[in-house]
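Colleague: I'm new to this one and would like a close look at a single part: the place where the two chains meet. Could you walk me through that, and then show me how the rest hangs around it?

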Protein chains: 2
Amino acid sequence: MRIALDAMGGDLGPELLIDGALSAIDKRRDLEVVLLGPEDLLKEQIAQRAGSGNSTGRLSIVHAPQTVSMHESPVDAVRKKKDSTVMVGFDLVKNGQADAVVSAGNSGATMAAAVRKLGRLKGISRPGIASLFPTLKDPVMLMDIGANVDCRSQHLFQFAIMASSCSGLLLNIDRPRIGLLSIGEESGKGNTLVKKTHDMLKVSSLNFIGNVEGRDVYKGDVDVIVCDGFVGNISLKISEGLAEAAMEMLKVEIMKSLRAKIGYLFIRKAFAAFRKRVDYAEYGGAPLLGINGIGIICHGTSSSVAICNAIGEAANMFENRVNESITRSLQQYAVPV
Amino acid sequence: MRIALDAMGGDLGPELLIDGALSAIDKRRDLEVVLLGPEDLLKEQIAQRAGSGNSTGRLSIVHAPQTVSMHESPVDAVRKKKDSTVMVGFDLVKNGQADAVVSAGNSGATMAAAVRKLGRLKGISRPGIASLFPTLKDPVMLMDIGANVDCRSQHLFQFAIMASSCSGLLLNIDRPRIGLLSIGEESGKGNTLVKKTHDMLKVSSLNFIGNVEGRDVYKGDVDVIVCDGFVGNISLKISEGLAEAAMEMLKVEIMKSLRAKIGYLFIRKAFAAFRKRVDYAEYGGAPLLGINGIGIICHGTSSSVAICNAIGEAANMFENRVNESITRSLQQYAVPV
């Protein structure tokens, strides 16, 4: 398998991304990674690593001289930067020279490039982005986390199908429990979009367990949570913001007393483990679902571990044919609209 | 001033609510509290407290034999339970026998009773619920947190006016900074509703600082955040859920090692202080804004401290004439729709 990695994406520079690629090929011998970026720069990076004894045999380079910055408009980027890392990457997938693209860069541009180069899966109206959230039990997959801000019920219904196929595969669950994010558990609760979606899911043969509230997201009693991309993005970002702020507030309280400061020395490791568990940058990546190929976007501040995990996730999705599973589910579960 | 307290609302029983009322009258000598609920039950409660030396002179009772349970439909409750605590309470406000109602009961029913008995403020299309969120700096007021799930831009515009008046008064801020909750800071980011609202706020003379993202909510760099009630409710509930889950996860990590367990003994107080800071049940209450009177809803698991704070907040809103301020702002800032 060959996974193409956008070596220029993200906020922390190519070194860390390439380290992630090295770990990934080190973990799996059936894996090759194609680095996307300016050839000279990447050659130098690889040479450095080979010099320090790393096995770089299954790393290769495909020249992509342009990069899309974090705040660039996705539409402009796709239109004007034909030689950007993500455009070149999805071109490789289109031509069968790579099996997936992983990028920690501008997520909108990555999605736009994927749709432009690969198109949508047959029957899918709106591709979207799914993301795993940590919970008290197993992670839950939320979809959509930002690709589609104005949705209709059939879009959310398809998110349920796609996320269910993908989480079933990634987390090895037979029939993932699907919940619909709303403001009350009863079927009548929610906005117009949610009420309509609830009715569609209820009559389908999907494993729909009903509405879930915001406070249920982190409990882990559901495997897939469906929402529109506006609500999903705010849910993700507010969680990141609160997790950071909470650690900050706790630190302030600890620093107020010598006693607590001493206690902190004893507790430090538990803190670090906790931080890792709730740190979104540690999670692999967010699969783009509904495109005719495989793409994964990572947090801009992803660690090399997160990049390594995302590459593994992409390989896993490819070898388990997630898109075939989605297409089958679409045929099986689709309800007449 | 006379504040009416729904003595039957909430999940934890009347004792705690009445304790909150006692603390409130103890704090402010210009305050009376009217307890709403079954007369016999409340008489007994007051007698018990008077017996143990509490000053109950400024507590009185107004008989309200019916209660609305947490899961009852607000519409049904208002239609069928004319003698419920909240209906009786807002009747008192209507007749000038009380200045505000505080309830920790069914928030939808409290809102419905308020609108039914008092009506909307002149010029307001949709009353809503505002709530203070803890941040790294001062609290931020989010509106709407659940009363209006399907909104138009003029509703969100009015939320900005109402929350700005109220937070200015409660937190003593001259011109509160208003942000619009969205999925990117740029004006073009967001769903259709948010983009339209952005345009309206931008041309107004309100102190609008632009879009804020989910991750900005807890930073404290904005005083008011505007969103529809669906997004607001999910933001609130997901925060509560994450705060709880995070404490749980941290506990699990601490329990894994003896060293960390010992450290915890030293750090316990800092933890408790932190918990209090992020505990939504500790916050006073959420003002109902846009009704022709004053109402505050509290979390169902409010402590007596939270109830005491909410009563104080209600008094504060009454004596500073929050509704006059909202009406003035409406005239000053309203833009032609």
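Modeller: Here is a walk through the contact between the chains, followed by the sheet, the helix pairs and a few backbone details. Keep in mind that this is a predicted model.

Let's begin with how the two copies are related. Chain B can be laid on chain A by a rotation of 180 degrees with 0.0 Å of shift along the axis, and the RMSD is then 0.0 Å. That is the relation of a two-fold axis. If you want to find the axis on screen, look for B:Gly263: its C-alpha is 2.1 Å from the rotation axis, the closest approach of any residue of chain B. Both copies use the same surface, since 98% of the contact residues of chain B turn up again in chain A.

Now the contact itself. Chain B puts in 53 residues and chain A puts in 52 residues. On the chain B side, helix 8 (229–255) and helix 9 (258–278) each give at least two residues. Helix 8 of chain B has the largest share of that side, with 20 residues. Sorted by class, the side of chain B that touches chain A has 28 nonpolar, 12 polar and 13 charged residues.

Zoom in on one helix pair that spans the two chains. Helix 8 (residues 229–255) of chain A and helix 9 of chain B have axes that come within 9 Å and cross at roughly 135 degrees. That angle makes helix 8 of chain A oblique to helix 9 of chain B. The crossing of helix 8 of chain A with helix 9 of chain B is right-handed. From helix 8 of chain A come A:Ala246, A:Met249, A:Leu250, A:Glu253 and A:Ile254, and they meet B:Ile267, B:Ala270, B:Ala273, B:Phe274, B:Arg277 and B:Val278 of helix 9 of chain B. In this contact you'll count 9 nonpolar residues, no polar ones and 2 charged ones.

Next, step back to the sheet in chain B. This is an open sheet of 11 strands with mixed pairing, in the order 3-2-1-4-11-10-5-6-9-7-8. Strand 3 (59–63) and strand 8 (208–213) of chain B are the edge strands, each pairing on one side only. From one strand to the next, the twist averages 30 degrees. To see one pairing up close, pick strand 5 (residues 128–133) and strand 10 (residues 286–289) of chain B, which pair in the antiparallel sense over 2 bridges. There, B:Gly128 has B:Leu289 of strand 10 as its bridge partner.

Helices lie across this sheet too. Helix 2 (residues 39–51) of chain B lies across strand 2 (32–37) and strand 3 of chain B, at about 165 degrees to strand 3. Helix 10 (residues 304–319) of chain B lies across strand 1 (2–6), strand 2, strand 4 (100–103), strand 10 and strand 11 (295–297) of chain B, and runs at about 155 degrees to strand 4.

Over in chain A, you can follow helix 10 (residues 304–319) to helix 1 (residues 14–27): their axes come within 7 Å and cross at roughly 50 degrees. Helix 1 of chain A and helix 10 of chain A are therefore oblique to each other, and helix 1 of chain A passes helix 10 of chain A in a right-handed crossing. Helix 1 of chain A brings residues including A:Leu16, A:Leu17 and A:Ala21, while helix 10 of chain A brings residues including A:Ile307, A:Cys308 and A:Ile311. By class, this contact of helix 1 with helix 10 of chain A holds 7 nonpolar, 4 polar and 2 charged residues.

Another pair in chain A is helix 4 (residues 85–94) with helix 5 (residues 107–118), packed at an angle of about 35 degrees with axes 9 Å apart. Helix 4 of chain A also passes helix 5 of chain A in a right-handed crossing. Among the residues that meet here are A:Phe90 of helix 4 and A:Ala113 of helix 5 of chain A. The contact of helix 4 with helix 5 of chain A has 8 nonpolar, 1 polar and 3 charged residues.

Finally, some backbone details. The peptide bond from A:Met143 to A:Asp144 is cis, with omega near 10 degrees, and A:Asp144 sits in the loop between strand 6 (140–143) and helix 6 (153–170) of chain A. In chain B, a cis peptide bond joins B:Met143 and B:Asp144, with omega about 10 degrees. A:Asn172 has a positive phi, near 60 degrees, though it is not glycine; look for A:Asn172 in the loop between helix 6 and strand 7 (178–182) of chain A.

Methods
Residues numbered from 1 in each chain as written. Chains lettered and ligands numbered in written order. Predicted model: local features only at pLDDT ≥ 70, side-chain atom pairs only at ≥ 80, totals over all residues. Pairing = 2+ DSSP bridges. Helix = DSSP H or I, 4+ residues; strand = E, 2+ residues; numbered from the N terminus. Axes fitted to C-alpha atoms, helices over the stretch in contact; angles between N-to-C directions. Contact = placed C-beta atoms within 7 Å. Least-squares fit on C-alpha atoms with pLDDT ≥ 70 in both. Nonpolar A, V, L, I, M, F, W, Y, C, P; charged D, E, K, R; others polar. Parallel < 35°, antiparallel > 145°, perpendicular 65-115°, else oblique. Left-handed = near helix turned anticlockwise from the far one by under 90°.
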